[in-house]
Amino acid sequence: MLRRINISAALIVLICFFLPWEQVSCGGAKDTLSGLDLARHEHFVLWVIPLLMLAMLVIGLMRRQREKPAALAIVSLVAGGATAYLMNDERTRVQDTAGLISAQLTGWFWLALISSLALMIGSVALLLKRKRAP
């Protein structure tokens, strides 16, 4: 079950990367920026997020059910941690900007951030899970 939670959380983060993260408004004009827009124009390091989530999905889906979950848990922990760090950095950047242009984070950003944290928690649970004796 933890494996499915990790795969679902990675898929949510990957999908949310292409949805609006920031809403920018100046006067009466409003615009939105997705993670893709931010990665293309300003923050090239954000490209790591979809790459890590794709790697996590490939490893999670290709791995057999009976194998030890340590490899999936370690990849999930690294991917979730790096994604949470990068998204928190983006959050602090948006909240630190003050002035004429107002920028706010959208619900899709928060959903992706919470999913990356859930990915980390699920991977720690996979690492600590004890195997049942037959």
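What follows is a short chat about how helices α1, α3 and α5 sit together in a predicted model.

Guide: Residues are numbered from 1 along each chain as its sequence is written. The model is predicted, so local features need pLDDT of at least 70, side-chain atom pairs count only at pLDDT 80 or more, totals for chains, interfaces and linings use all residues, and side-chain values use heavy atoms, with hydrogens and water left out.

Visitor: What makes the span of α5 agree with that of a helix?

Guide: The expected span is 1.5 Å times one less than the number of residues. For the 22 residues of α5 (residues 107-128) that gives 32 Å, and the end C-alpha atoms lie 31 Å apart, so the two agree.

Visitor: Why are α1 and α5 called roughly antiparallel?

Guide: Angles over 145 degrees count as roughly antiparallel. The axes of α1 (residues 2-17) and α5 cross at roughly 155° and come within 8 Å, so the pair earns the name.

Visitor: And what is the angle between α1 and α3?

Guide: About 150°, with the axes 9 Å apart. That makes α1 roughly antiparallel to α3 (residues 48-62) too.

Visitor: Which residues of α1 meet α5?

Guide: Contact means heavy atoms within 4.5 Å. Among those in α1 are Leu-2, Ala-9 and Val-13, and their partners in α5 include Trp-108, Leu-119 and Leu-126. By class, this contact has 13 nonpolar, 5 polar and no charged residues.

Visitor: Which residues of α1 meet α3?

Guide: Including Arg-3, Ile-7 and Phe-17, they meet α3 residues such as Met-53 and Leu-57.

Methods:
Helices (H or I, at least four residues) and strands (E, at least two) are DSSP runs, numbered from the N terminus. Axes are lines fitted to C-alpha atoms, for helices over the stretch in contact, and angles run from 0 to 180 degrees between N-to-C directions. Angles under 35 degrees count as roughly parallel, over 145 as roughly antiparallel, 65 to 115 as roughly perpendicular and the rest as oblique. Ala, Val, Leu, Ile, Met, Phe, Trp, Tyr, Cys and Pro count as nonpolar, Asp, Glu, Lys and Arg as charged, and the others, Gly among them, as polar.
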